[in-house]
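Here is a short, friendly tour of the protein shown below. Have a look at the model, then read on.

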Amino acid sequence: MTAAELLAIGTVVGLNNFAVALMLGALGQRRRRWRIAGVFAVFEFTVPLVGLLLGAALAETFSDAGRFVGATLLVALGALAVRSAT
């Protein structure tokens with residue numbers, strides 16, 4: 001992933017958090033602001049880590065099956081091409 005892609009993803013996540021913060025500010029949640037900030041901080045830290053770990057595990061699990069799926073799709077598309085040509 002390039003630096004520009006990471007910057008774009010970070011901007012989108014940041015704007016999403018900004019929108020939620022504006023909404024909470026408009027609701028007047030002064031008493032609960034530290035609890036809300038803590039929940040945001042925990043989720044914004046853990047969700048990307050879980051995504052990275054889950055993505056790595058799934059990529060490793062399905063990497064061997066990818067060859068067979070690709071070969072099956074290639075044979076199926078070839079069969080469709082031969083069938084439609086006749």
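## A kinked helix

Helix α2 has a kink of about 45°, centred on S63. The bend at a residue is the angle between axes fitted to the seven residues ending there and the seven starting there, and helices are DSSP runs of H or I with at least four residues, numbered from the N terminus, while strands are E runs of at least two. This is a predicted model, in which local features need pLDDT of at least 70 and side-chain atom pairs count only at pLDDT 80 or more, whereas totals for chains, interfaces and linings use all residues. Residues are numbered from 1 along each chain as its sequence is written, and side-chain values use heavy atoms, leaving out hydrogens and water.

The protein has two helices and zero strands. Its radius of gyration, 23 Å, is well over the 12 Å that the globule rule gives for 86 residues, so the protein is more spread out than a compact globule. That radius is taken over C-alpha atoms, and the globule rule is 2.2 Å times the number of residues to the power 0.38. Along its principal axes, the C-alpha trace spans about 70 × 30 × 25 Å.

How do the helix spans look? The expected span is 1.5 Å times one less than the number of residues.

| Helix | Residues | Expected span | C-alpha end distance |
|---|---|---|---|
| α1 | 25 residues | 36 Å | 36 Å |
| α2 | 53 residues | 78 Å | 67 Å |

For α1 the two values agree, while α2 falls short of a straight helix. Just after α1, G28 takes a positive phi of about 75°.

Now to the surface. Of the 86 residues, 1% count as buried, where buried means under 20% relative accessible area, exposed over 50% and partly exposed in between (1.4 Å probe, protein chains only). Within α1 (residues 3-27) sits L15, which is exposed at a relative accessible area of 53%. The C-alpha atoms of L15 and S63 are separated by 34 Å, with their positions 48 residues apart along the chain. V20 is also found in α1, and V20 counts as partly exposed at 25% relative accessibility. Between the C-alpha atoms of V20 and L49, 29 residues apart along the chain, the separation is 21 Å.
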